[in-house]
Number of protein chains: 2
Amino acid sequence: MTSTGVRPATDPEAYLRQTQDRRMASLFELLRIPSISALSAHAGDSRRAAQAIAADLRGIGMDHVEVAETGAHPVVYADWLHAEGAPTALVYCHYDVQPVDPLELWESPPFEPVVIDGRIVARGAADDKGQLHMHLRAIEALLATRGALPVNLKVLFEGDEESSADHLETWVGANRERLAADVGVVSDTGFFEGNLPAITVSTRGILYAQIDVLGPPTDLHSGAFGGAVENPAIALAHIIVGLKAVDGRILIPGFYDEVLPLTPDEHTAFSDLPFDDDAFRRETGVPALAGEPGYMTVERVAIRPTLDVNGMWAGFEGEGTKTIIPAHAHAKISCRLVPDQTPDATYERLEARVLELTPPGVSASVQMLGGGLPFRSKIDHPAMAAASRAVESAFGIAPLFTREGGSIPVLATLGRELQLPLVLLGFANPDDHAHAPNEGLVLDNYENGIRAIIHFWDELAVTDLAR
Amino acid sequence: MTSTGVRPATDPEAYLRQTQDRRMASLFELLRIPSISALSAHAGDSRRAAQAIAADLRGIGMDHVEVAETGAHPVVYADWLHAEGAPTALVYCHYDVQPVDPLELWESPPFEPVVIDGRIVARGAADDKGQLHMHLRAIEALLATRGALPVNLKVLFEGDEESSADHLETWVGANRERLAADVGVVSDTGFFEGNLPAITVSTRGILYAQIDVLGPPTDLHSGAFGGAVENPAIALAHIIVGLKAVDGRILIPGFYDEVLPLTPDEHTAFSDLPFDDDAFRRETGVPALAGEPGYMTVERVAIRPTLDVNGMWAGFEGEGTKTIIPAHAHAKISCRLVPDQTPDATYERLEARVLELTPPGVSASVQMLGGGLPFRSKIDHPAMAAASRAVESAFGIAPLFTREGGSIPVLATLGRELQLPLVLLGFANPDDHAHAPNEGLVLDNYENGIRAIIHFWDELAVTDLAR
């Protein structure tokens with residue numbers, strides 16, 4: 001597996017320096033497979049990606065490599081368990097990617113990877129095939145030079161992260177013993193604004209619901225009936241306003257009951273983050289930021305719960321005029337949740353509040369469309385310190401501990417099903433356009449990230465995980 | 001023009017009794033023409049209807065019959081001006097009809113008229129070809145038996161009432177002298193609930209506007225940005241709630257300034273109307289009626305102004321979930337106006353209120369999509385008393401003076417351009433399904449309506465209009 005005419009490398013760093021071209025070719029090959037999990041037309045591509053990863057794992061020396069069926073796209077499992085007495089880590093990444101529309105906004109074809117201005121540009125470069133590939137190459141460099149890994153390793157690469165969490169949850173539940181480990185490592189997050197090295201220590205959960213307001217069985221003439229019949233769209237507006245005050249506070253009784261308060265230390269940590277409100281505002285393009293009183297922007301998007309209307313519709317949306325009282329009105333709403341809120345309890349409180357706010361001239365109901373628990377790392381866990389040292393060693397700067405506003409449902413799955421402490425060791429840059437056109441990954445993040453992973457396994461080998 | 005073998009009738013009533021079959025055949029012929037003004041595919045049918053009406057007018061002895069171009073569908077004009085010293089009346093009806101969808105809900109084809117359970121069922125039977133035809137047959141009966149009309153008569157039958165008011169307004173403005181009269185008679189309204197004879201004495205005006213709320217230039221991820229960015233859909237909800245209180249009062253400063261207060265007599269008149277709130281509620285299908293405090297339902301839908309959301313949309317409306325903060329949110333809203341409110345002043349106040357209610361994190365604008373002035377008859381005008389006597393004489397019961405919640409823009413046009421007092425002499429029944437499937441006209445209303453028109457001309461001839 002070494003280049004001809006070059007003396008075999010004897011340490012991982014030398015190996016990585018010798019194999020950069022081959023490594024990039026291998027990454028591009030993986031990025032070329034359009035493994036879009038949400039589109040059934042690409043099911044064959046997803047399977048092809050899984051099989052390519054499995055072949056790679058076999059080639060670099062992993063054991064028990066399996067492309068395992070889940071009912072949806074397969075998972076890829078492999079392990080290497082010969083580091084007697086050392087800890088065992090379970091690595092999670094996903095090989096599926098988001099759809100590519102709007103295609104016309106891509107400056108290069110999404111499945112024809114290129115390096116532009118120091119960025120590997122392709123769908124999946126950052127989220128998450130690029131990060132998955134870093135783990136493959138870290139394992140390769142260790143096994144090729146030392147013949148062994150410093151820790152016991154299990155890898156779990158799934159293909160449904162961008163479409164549905166159900167199949168993985170079932171599969172993990174059915175494979176608890178096989179997946180048992182001392183620590184879980186998830187590489188699907190990223191650095192802080194300005195591409196500053198960071199380790200994510202929390203993500204928000206989510207409740208997604210739909211409010212349906214029903215008035216008359218059919219649209220009514222607004223001339224003949226206007227003034228005497230409740231307007232479902234106006235009733236919905238009153239309900240929404242009763243859920244969230246204009247200053248951003250959420251008005252659902254009990255909503256904040258389980259929210260863990262921010263400690264003074266945490267507030268200080270947030271204050272110390274190099275977060276630029278004005279740069280953030282410019283990024284969003286809004287005339288002014290807004291949000292809950294008493295919190296900084298960086299807190300509002302990370303450790304405070306939210307309520308947003310994601311969609312809303314009623315009556316006539318066409319050109320011109322139509323003089324009706326709409327028969328019904330609807331809103332999709334979602335709450336981002338923080339520890340220790342739960343989707344189920346939040347749903348119950350939301351439903352009670354909506355019913356309380358519904359005027360007598362209409363009826364309303366609330367259906368739950370989805371939910372995910374918030375996640376918080378055990379910051380004091382020794383694996384966190386090991387990860388921090390590894391990132392600092394590879395990137396030359398100690399990582400920030402940051403909070404993610406979005407939701408990663410798999411974290412709750414792994415935490416709950418496997419009872420694992422999780423380290424979120426991710427290398428994407430906030431500017432990487434994940435889920436958007438021109439997704440990319442900073443080439444230096446990719447290269448140094450492989451080093452960070454190797455350092456992390458070395459650090460973990462000498463860490464007392466105090467099981 | 002008389003039936004063979006029957007002695008010619010010497011008075012209109014005898015004439016009408018002798019000619020019922022022929023009259024019904026003529027009505028059906030007119031109803032069979034699908035003169036749908038809003039659909040350009042039916043432009044030829046509209047012209048055919050205009051020509052058929054013109055031929056009818058010539059046949060019964062009217063002068064100066066003309067199918068006049070307007071730029072849209074033609075108007076039909078005719079006159080008979082030989083009643084020296086008698087008042088001159090201008091009759092307005094329209095020969096165009098609404099589209100027929102949903103076609104599958106019609107129990108008989110919309111352009112194949114039939115009489116079912118005492119109702120003439122066809123599109124346009126009530127609104128408004130049936131009422132137009134009543135005027136033709138009243139003129140015929142008078143000229144055929146007396147050789148003269150008791151008053152000078154001008155008829156103006158238009159073909160764009162259901163699509164646009166602009167072309168008629170221009171044509172009327174250009175033909176002011178030709179259309180000059182002492183009184184205008186509009187037959188495009190109807191009776192009270194329960195088919196009780198009624199003369200409409202007011203209609204509401206309208207302001208139709210659209211509110212556009214703009215947030216970020218593109219949808220934002222609700223995880224990454226939720227909590228720090230104003231949600232345009234929630235901002236729109238706050239704006240709507242700031243326009244109308246949950247109890248139905250409109251919160252736009254100055255909105256009610258020009259509303260003429262209800263006099264105690266008017267309130268008593270409304271109280272005396274045989275209006276059944278519960279029957280009205282059942283008709284709408286809502287769980288409970290609603291509306292402005294301090295007014296009866298029959299007042300709320302007739303002489304109080306309203307504000308309704310006719311349509312509303314933002315963000316994601318599809319199946320399932322999409323975790324976005326929508327880039328923009330929109331609402332179509334309309335206000336029904338009462339004397340002396342105007343669309344223009346109401347628009348200005350609405351716009352100022354919306355801007356005042358707009359939170360700093362978004363921008364909002366209001367565009368006016370349409371407007372029409374409210375209309376109120378001169379109830380004390382001697383022509384009103386003449387009309388009342390005529391209806392009572394034909395139907396055996398004195399008509400109620402009622403208010404219409406909807407808007408009839410042509411009333412303002414005729415009133416303003418021609419400076420005419422208007423009598424709204426209409427014969428539809430509230431159950432006639434105008435604009436809806438299975439439109440019909442009560443056969444007795446049609447027959448007695450022709451008598452009422454004849455009585456009205458006779459009454460008007462001996463009325464001092466005190467010009």
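The dialogue below walks through a predicted model, from the contact between its chains to some of its charged side chains.

Colleague: How many residues does each chain bring to the contact between chain A and chain B?

Modeller: This is a predicted model, and in it the contact takes 72 residues from chain A and 72 residues from chain B. Together the two chains bury about 5,500 Å² between them, with 60% of that area on carbon and sulfur atoms. Of the area that chain A buries against chain B, 11% is supplied by Ala228(A), His238(A) and Met312(A), which is more than any other three residues supply.

Colleague: What kinds of polar link should I look for across the interface of chain A and chain B, and how many salt bridges does the rule find there?

Modeller: The rule finds zero salt bridges across that interface, whereas the count of residue pairs in polar contact between chain A and chain B, both residues at pLDDT 80 or more, is 26. On the side of chain A that touches chain B, the residues divide into 36 nonpolar, 24 polar and twelve charged.

Colleague: Which strand of chain A gives the most to the side that touches chain B?

Modeller: That is strand β11 of chain A, residues 308-315, which gives eight residues. β11(A) pairs with strand β11 of chain B, again residues 308-315, in the antiparallel sense over five bridges. To follow the pairing residue by residue, begin at Trp313(A), which stands opposite Trp313(B), and then turn to Met312(A), whose bridge partner in β11(B) is Ala314(B).

Colleague: Which strand within chain B pairs with β11(B), and is β11(B) itself enclosed or open?

Modeller: Within chain B, β11(B) pairs with strand β13, residues 328-337, in the antiparallel sense over six bridges, and there the bridge partner of Met312(B) is Ala331(B). Seven of the eight residues of β11(B) are buried, so this strand is largely enclosed by the rest of the structure.

Colleague: How should I read a salt bridge in terms of the sequence, and what do Arg304(A) and Glu292(A) tie together?

Modeller: It helps to ask where each partner lies. A search of the whole structure finds 50 salt bridges over all chains, and one of them joins the side chains of Arg304(A) and Glu292(A) at 2.6 Å, N to O. Arg304(A) lies in the loop between α11 and β11 of chain A and Glu292(A) in the loop between α10 and α11, so the pair ties together parts that are twelve residues apart in sequence. Both of these residues are buried.

Colleague: Where do Arg48(B) and Asp45(B) lie, and is Asp45(B) buried or exposed?

Modeller: Both lie in helix α3 of chain B, three residues apart, about one turn of the helix, and their side chains meet in a salt bridge at 3.0 Å, N to O. Asp45(B) counts as buried at 15% relative accessibility, while Arg48(B), at 43%, counts as partly exposed. Helix α12 of chain B holds another pair three residues apart, Glu356(B) and Arg353(B), whose salt bridge is 3.1 Å, N to O; here Glu356(B) counts as exposed at 54% and Arg353(B) as buried at 15%.

Colleague: Which polar partners does the side chain of Arg123(A) have?

Modeller: Arg123(A) lies in the loop between β5 and α4 of chain A and is buried, with a relative accessible area of 0%. Its side chain makes a polar contact with the side chain of Glu439(A) at 2.7 Å, and a polar atom of the Arg123(A) side chain lies 2.8 Å from the backbone oxygen of Pro99(A).

Conventions: Residues are numbered from 1 along each chain as its sequence is written. Chains are lettered from A and ligands numbered from 1 in the order in which they are written. This is a predicted model: local features need pLDDT of at least 70, side-chain atom pairs count only at pLDDT 80 or more; totals for chains, interfaces and linings use all residues. Side-chain values use heavy atoms; hydrogens and water are left out. Helices (H or I, at least four residues) and strands (E, at least two) are DSSP runs, numbered from the N terminus. Buried means under 20% relative accessible area, exposed over 50%, partly exposed in between (1.4 Å probe, protein chains only). A polar contact is a pair of N or O atoms within 3.5 Å; within protein, one must be able to donate a hydrogen and the other to accept it, and residues adjacent in sequence count only if both atoms are side-chain atoms. Contact means heavy atoms within 4.5 Å. Buried area is the accessible area (1.4 Å probe) that two parts lose on being put together, summed over both. A salt bridge is a side-chain nitrogen of Lys or Arg within 4 Å of a carboxyl oxygen of Asp or Glu. Ala, Val, Leu, Ile, Met, Phe, Trp, Tyr, Cys and Pro count as nonpolar, Asp, Glu, Lys and Arg as charged, and the others, Gly among them, as polar. Two strands pair if DSSP finds at least two bridges between them.
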